Amino acid sequence: MTRTLIVADPQRDFCEGGSLGVAGGAAVVSRIDRLLNSDHGYAYVVATRDHHIKPGAHFSDEPDFVDSWPPHCVVGTPGAEFHDQLTFRDFAAVFNKGEYEPAYSAFEGATADGETLSHWLRARGVDQVDICGIATDYCVRATALDAVREGFETTVLLDLTAAVAPHRVEEISAELVKAGVTVNQQAGTSTS
Ligand code: VGL
Ligand code: ZN
């Protein structure tokens, strides 16, 4: 049993003050940071970054906040950086996604060397993944669905996520559970 924690997009633009700030984003980053600096027991901790260069219709001047968004996480801008409340930076790997097309799932990302998440995890014998980060309804959801599809035992740490549309979290949790994901509502309780 080799468990890895995937931290989805803990970036400035997804937190308060960022161009696509999600309510509660900074608080989630700081709770994740506390976990990362503790004796957490994960074999590996990896992160993803939304990493846009020219992602086409993902960016819009009139975003609908479903399929199109204000420009965010543009490579080389401060908004693409990890949030300042993330003091832990010792990730075993960082997977960038979305350079030239929208990409929500960590499994669509790759390291600077071009290695995909799924290859990276399998090379290390990882069979279980826990997922936290931003946003619950986009990166976290898509990553969890891909992870179960790829055969990983998958848990979403819901309390360590923040959503673009919080009113949809219940429906998304149900969708994830139906797909075979374990969803931890709060520390110590889970549905699967
Ligand atoms: C994401 C909105 C825009 C995500 C990416 O990965 O959660 N959300 N771009
Ligand atoms: Zn994006």
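A residue is near a molecule if one of its heavy atoms lies within 4 Å of it. In this predicted model, 13 residues surround ligand 1. A zinc ion, ligand 2, has protein donors from Asp50, His52, His58 and His72.

**Surroundings of ligand 1**
- The closest residues to ligand 1 are Asp9, Asp50, His58, Lys97 and Cys139.
- Sorted by class, the shell of ligand 1 contains eight nonpolar residues, two polar ones and three charged ones.
- Ligand 1 takes up the space of the largest cavity.

**Polar contacts of ligand 1**
- Aspartate 9 has a polar side-chain atom 3.0 Å from an oxygen atom of ligand 1.
- In the side chain of lysine 97, an N or O atom is 2.9 Å from an oxygen atom of ligand 1.
- Alanine 135 uses its backbone instead: a polar atom there is 3.3 Å from an oxygen atom of the ligand.
- On its own, ligand 1 has 260 Å² of accessible area, and the protein covers 99% of that.

**The zinc ion**
- The donor atoms are OD of Asp50 and NE2 of His52, His58 and His72, and they lie 2.1 Å from the zinc ion.
- Along the chain, the zinc donors follow the spacing D-x1-H-x5-H-x13-H.
- Two of the donor residues, aspartate 50 and histidine 52, are both buried.

**Residues named at both sites**
- Asp50 is among the closest residues to ligand 1, and Asp50 is also a donor of the zinc ion.
- His58 likewise is listed among the closest residues to ligand 1 and gives its NE2 atom to the zinc site.

Definitions and conventions. Residues are numbered from 1 along each chain as its sequence is written. Chains are lettered from A and ligands numbered from 1 in the order in which they are written. This is a predicted model: local features need pLDDT of at least 70, side-chain atom pairs count only at pLDDT 80 or more; totals for chains, interfaces and linings use all residues. Side-chain values use heavy atoms; hydrogens and water are left out. A polar contact is a pair of N or O atoms within 3.5 Å; within protein, one must be able to donate a hydrogen and the other to accept it, and residues adjacent in sequence count only if both atoms are side-chain atoms. Accessible areas come from the Shrake-Rupley method with a 1.4 Å probe; for residues, only the protein chains shown count as cover. On a 1 Å grid over the protein atoms alone, a cavity is a set of points where a 1.4 Å probe fits but cannot get out, and a pocket is an open set with protein on both sides within 12 Å along at least five of seven lines; lining residues have an atom within 4 Å of a point. A molecule sits in a cavity or pocket if more than half of its atoms lie within 2 Å of its grid points. Ala, Val, Leu, Ile, Met, Phe, Trp, Tyr, Cys and Pro count as nonpolar, Asp, Glu, Lys and Arg as charged, and the others, Gly among them, as polar. Donors are N, O and S atoms within 2.8 Å of the metal (3.2 Å for Na, K and Ca); water is not among the atoms, so sites may look incomplete. Buried means under 20% relative accessible area, exposed over 50%, partly exposed in between (1.4 Å probe, protein chains only).
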